[in-house]
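Me: I'd like to practise reading sheets, pockets and ligand contacts on a real example. Could you walk me through one?

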Amino acid sequence: MKIVVVGGTGLIGSKLVKKLRELGHEVVAAAPTTGVNSMTGEGLADALKGASVVVDVTNSPSWEDAAVLKFFETSTRNLLSYGAAAGVGHYVALSVVGTERLLESGFFRAKLAQENLIKASSIPYSIVRATQFFEFVKSIADLSTEGNKVRLPPALIQPMAADDVAGALVRIATSSPVNAAVEIGGPEKFRLDELVRRDLAAFHDPREVISDPHARYYGIVVTERALVPDDGARLGEARFEDWLIHATKQASKAGGQLT
Ligand SMILES: NC(=O)c1ccc[n+]([C@@H]2O[C@H](COP(=O)([O-])OP(=O)(O)OC[C@H]3O[C@@H](n4cnc5c(N)ncnc54)[C@H](OP(=O)(O)O)[C@@H]3O)[C@@H](O)[C@H]2O)c1
C-alpha cells in the first residue's frame with residue numbers, strides 16, 4: 001500500500017514512517033525539506049500519485065493565533081483537494097483530546113477547523129485525537145515559566161509516549177476508515193503540576209513547580225478533566241517513569257548533561 005505521511009520528518013511523522021516501512025508499505029515522508037509543501041501545494045500531486053492513504057501529522061511553524069489558523073486551514077484544504085484528485089481512499093489526521101474544551105486557545109481553534117474540514121470532505125477519514133506526548137511535557141513547563149517558577153493547575157492529564165502515538169497511527173492508517181474521531185491516551189493519569197515536577201527533576205532542571213488552581217495551561221483556563229480522554233480511549237503501554245529513565249539516559253549520552 002502507498003501511504004503518504006505529511007509531516008513525515010517530525011517527531012511523530014519520522015516514527016510513523018519507520019514503522020510503516022518496517023511493515024513493507026511504500027511510504028513517502030512528505031515535508032518542505034523533502035520537497036512537499038502542504039501550504040503552497042508544491043510537490044503534492046507527485047507525492048500523492050497512486051497513494052491509498054494520507055496521514056497528516058504536520059504542525060504549524062508558528063502558534064500565533066492567526067498564523068496557526070491559516071496553517072491548518074490552508075494545509076488541510078490543499079491536502080484534501082489534492083488527495084481527492086489522486087483518488088486517496090483514507091485520510092488520517094492527528095488531533096488532540098479535548099480540542100472542543102480548549103477553544104480559548106487559537107491553537108485549538110485551528111485544530112477544530114482542521115477536523116471540521118476533514119469531516120466535510122468527500123474522502124473517508126479517521127481523526128485520531130491523542131493526549132499530550134511525554135516528549136511535550138518540558139514545553140508545557142516552558143510555556144508556564146516566569147523566572148525560575150513554573151505555575152500550573154492540578155488538572156488531570158493522561159500523557160503518552162510519541163512511540164505509542166505512532167503505533168496507534170500505524171494500526172488506524174492500515175485499517176478501514178472509521179469516519180469519526182477516536183481517542184488515544186496514556187496508561188496513567190497524573191496531576192499536571194506533579195507530572196511537570198517529575199519531568200524537570202529527572203532532567204535536573206532547577207525550576208520550581210508551583211501548584212496553583214488559577215494558573216493557566218497553554219495560556220488558557222482548563223477544568224479538571226479537560227485534557228483526559230473518555231473511557232473508551234485506546235491506551236498506549238509505555239509508562240512515564242520508564243520513559244523518563246530512557247529519555248534522561250539518552251540526553252546524558254547525547255550532551256553530557258541533562259538540562
Ligand atoms: N505535542 C503534543 O503533545 C500533541 C498531542 C496531541 C496531538 N498533537 C498533534 O500532533 C501533530 C504532530 O506533532 P509533532 O510534535 O510530531 O510535530 P513536529 O515534530 O513539529 O513536526 C511537524 C511536521 O510538519 C511538517 N511541516 C511543517 N510545515 C509544513 C508544510 N508547509 N508542509 C508540509 N509539512 C510541513 C514539518 O516539516 P519540517 O521538518 O520540514 O519543518 C514536520 O515534519 C500536530 O498536529 C499536533 O497538533 C500534538
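Me: Let's begin with strand S9: is it largely enclosed by the rest of the structure or largely open?
Reply: Happy to help, and keep in mind that this is a predicted model. A residue counts as buried when its relative accessible area is under 20%. Strand S9 covers residues 181–185, and four of its five residues are buried, so the strand is largely enclosed by the rest of the structure.

Me: Which strands pair with S9?
Reply: The general idea is that strands of a sheet pair through backbone hydrogen bonds, either parallel or antiparallel. Here, S9 pairs in the parallel sense with strand S5 (residues 125–130) over four bridges. Strand S12 (residues 234–235) is also a parallel partner of S9, over two bridges.

Me: Which residues could I click on to see those bridges?
Reply: Between S5 and S9, try Arg 129, whose bridge partner is Glu 183, and Ala 130, whose partner is Ile 184. For the pairing with S12, look at Gly 185 and its bridge partner Leu 235.

Me: How many strands does the sheet S2-S1-S3-S4-S5-S9-S12 have, and is it open or closed?
Reply: Seven strands make up this open sheet, and the pairing is parallel. Its edge strands are S2 (26–30) and S12, each of which pairs on one side only.

Me: What is the pairing in the sheet S6-S7-S11?
Reply: That open sheet of three strands has mixed pairing. Strands S6 (145–146) and S11 (208–211) are at the edges with a single partner strand each, so one side of each has no neighbour in the sheet. S6 and S7 (residues 149–152) run antiparallel and are joined by two bridges. To find one of these, start at Thr 145, whose bridge partner in S7 is Val 150.

Me: Now the pockets. How much space lies in the largest pocket, and which residues lie nearest its centre?
Reply: The largest pocket holds about 710 Å³ of space. Its lining has 35 residues, with Val 57, Thr 58, Asn 59, Trp 63 and Phe 133 nearest the centre.

Me: Which helices and strands supply the lining of the largest pocket, and what is its make-up by class?
Reply: Helices H1 (11–22), H3 (65–85) and H4 (106–120), along with strand S4 (90–96), each supply at least two lining residues. By class, the lining has 22 nonpolar, eleven polar and two charged residues.

Me: How many residues surround the ligand, and which are the closest?
Reply: There are 28 residues around the ligand, and the closest are Thr 9, Leu 11, Thr 58, Lys 111 and Phe 133. Two of these names may ring a bell: Thr 58 and Phe 133 are also among the residues nearest the centre of the largest pocket.

Me: Which backbone atoms should I look at around the oxygen atoms of the ligand?
Reply: A polar backbone atom of Phe 133 is 2.9 Å from a ligand oxygen. Gly 10 has a backbone N or O atom 3.0 Å from an oxygen atom of the ligand, and for Gly 7 the corresponding distance is 3.2 Å.

Me: One last residue: is Val 36 buried or exposed?
Reply: Val 36 is found in the loop between S2 and helix H2 (44–48). Its relative accessibility is 7%, so it counts as buried. The C-alpha atoms of Val 36 and Gly 7 are separated by 9.3 Å, with the two residues 29 apart along the chain.

Methods: Residues are numbered from 1 along each chain as its sequence is written. This is a predicted model: local features need pLDDT of at least 70, side-chain atom pairs count only at pLDDT 80 or more; totals for chains, interfaces and linings use all residues. Side-chain values use heavy atoms; hydrogens and water are left out. Buried means under 20% relative accessible area, exposed over 50%, partly exposed in between (1.4 Å probe, protein chains only). Two strands pair if DSSP finds at least two bridges between them. On a 1 Å grid over the protein atoms alone, a cavity is a set of points where a 1.4 Å probe fits but cannot get out, and a pocket is an open set with protein on both sides within 12 Å along at least five of seven lines; lining residues have an atom within 4 Å of a point. Grid points are joined across faces, edges and corners, and a volume is the space filled by probe spheres set on the points. Ala, Val, Leu, Ile, Met, Phe, Trp, Tyr, Cys and Pro count as nonpolar, Asp, Glu, Lys and Arg as charged, and the others, Gly among them, as polar. A residue is near a molecule or strand if one of its heavy atoms lies within 4 Å of it. A polar contact is a pair of N or O atoms within 3.5 Å; within protein, one must be able to donate a hydrogen and the other to accept it, and residues adjacent in sequence count only if both atoms are side-chain atoms.
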